[in-house]
Structures are given as C-alpha cells and as structure tokens.
Amino acid sequence: MDFSKLSREDLLVGVGGIVLIIDLLFFAWHSYSAGPFSVDSTGTGAPDGIWGVLALIVTILVVADLALARFSPDTQIPTTQLGRDMTRAAAAGFGMLFLLIKFISNTGSSAFGCWLGLVLGIVVVAGAWLNAQGKSTTVSRPAA
C-alpha cells in the first residue's frame, strides 16, 4: 500500500471514519446514573440504536469506498451520475444526518463519545466534500 497517494482530505475521511467507527462501537454515548450505579451505552446501543447502526454502516462503506478508489483504482463500483467522489460525499452526509438524529433523540444523557462522534462526523463530511469539489491537497513529506 502506497500511502503517499492519499491527500489531506483522504486522511480526514479515512482516519476520521476509522476513529468514528471505533467511537460508535466502544465509547460511551449515553450515561445513566442512579445513586451509586451507573450504566453506559455505546453509539449503536439504546436509546435509538438504529441510528447509530445506520451511521456505522454508512461510515464503513465510505471508508471502504475511499480505500478502493485510492489503492485499487481499477475496481469498478456502481455509482451515481455525479461520480464516485460526490456519491461518497453524499453518503458521508447521510451518515452525519444519522448521527444528528441519534444525538437529538436523547440529549439528556450525552457522554463523551457522543460529542466526539459529532465532531468526527463533521470531519468525515468535510473531507469527503472537499474531495468531491476537487480541492484535494497533497501531504507534504519531509525531505530525506
């Protein structure tokens, strides 16, 4: 794998998406306390876990599509008439919509993972949108 093919925007989508996947699966999104007892729930757990699961699926698809586009460009994947980058940006937007619905559905018990997930969702959408607009920038490598 040649990581020099990745732009800054690719890194936003790829790394941001991978950390978002970890956040949805393992970090506490909701925390409930009653006296000495406390219960945490992940992004894919209750309440309204379906929105977290949908965001997880979309994020996995976005990261996988980006990896295929950069590391195996000959692989043909069905896309819309707008092109692969714009389709990826739209999918990232839907993922962010699912994260927002999950957040809005229960704001009273939001934990750290919820806030991190929202920030990471914005990072993924921003990177995908900049890629779709053709505003990719290369990562400068130090001279050896």
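**Notebook: nonpolar patch, helix 4 and two helix 3 residues**

Helix 1 gives the most to the nonpolar patch, with four residues. I am working from a predicted model.

**Entry 1, the patch.** I listed the members of this surface patch: Ile 18, Ile 22, Leu 25, Phe 26, Phe 27 and Phe 112. Together they make about 600 Å² of nonpolar surface. I then looked up Phe 27 and found it in the loop between helix 1 and strand 1 (30-34). Is Phe 27 buried, partly exposed or exposed? Its relative accessible area is 31%, so I noted it as partly exposed. A patch residue needs over 30%, and Phe 27 has 31%.

**Entry 2, helix 4.** I went to helix 4 next, residues 112-132. Phe 112, a patch member, sits at the start of that range. The helix has 21 residues. From first C-alpha to last I get 30 Å, close to the 30 Å expected at 1.5 Å a residue.

Which residues of helix 4 are buried? I noted Gly 113, Cys 114, Gly 117, Leu 118, Leu 120, Gly 121, Val 124, Gly 127, Ala 128 and Asn 131. What covers them includes helix 1 (8-26), helix 2 (49-71) and helix 3 (84-105). Just after the helix I checked Gly 134, which takes a positive phi of about 75 degrees.

**Entry 3, Arg 88.** I moved to helix 3, where Arg 88 lies. Arg 88 has a relative accessible area of 3%, so I count it as buried, the cut-off being under 20%. What does its side chain make polar contacts with? I found one with the side chain of Asp 65, at 2.8 Å. Another joins Arg 88 to the side chain of Asp 85, also at 2.8 Å. Setting aside residues up to four places away in sequence, I listed what Arg 88 touches: Val 62, Asp 65, Leu 66, Ala 69, Arg 70 and Ala 128. Asp 65 thus appears in this list and as a polar partner. Ala 128 is one of the buried residues of helix 4.

**Entry 4, Ala 89.** I stayed in helix 3 for Ala 89. Ala 89 is at 8% relative accessibility, so it counts as buried. Beyond its neighbours within four places in sequence, Ala 89 is in contact with Ala 128, Trp 129 and Ala 132. Ala 128 is touched by Arg 88 too.

How far apart are Ala 89 and Phe 112? I read 26 Å in space, C-alpha to C-alpha, and 23 residues in sequence.

Technical notes:
Residues numbered from 1 in each chain as written. Predicted model: local features only at pLDDT ≥ 70, side-chain atom pairs only at ≥ 80, totals over all residues. Heavy atoms only, no water. Expected span 1.5 Å × (residues − 1). Buried < 20%, exposed > 50% of the residue type's maximum accessible area, 1.4 Å probe, protein only. Contact = heavy atoms within 4.5 Å. Polar contact = N/O pair within 3.5 Å; in protein donor to acceptor, adjacent residues only side chain to side chain. Patch = residues over 30% accessible without salt bridge, like charges linked within 9 Å, V, L, I, M, F, W, Y side chains within 5 Å. Areas by Shrake-Rupley, 256 points an atom, 1.4 Å probe, with all protein chains shown as cover. Salt bridge = Lys/Arg side-chain N within 4 Å of Asp/Glu carboxyl O.
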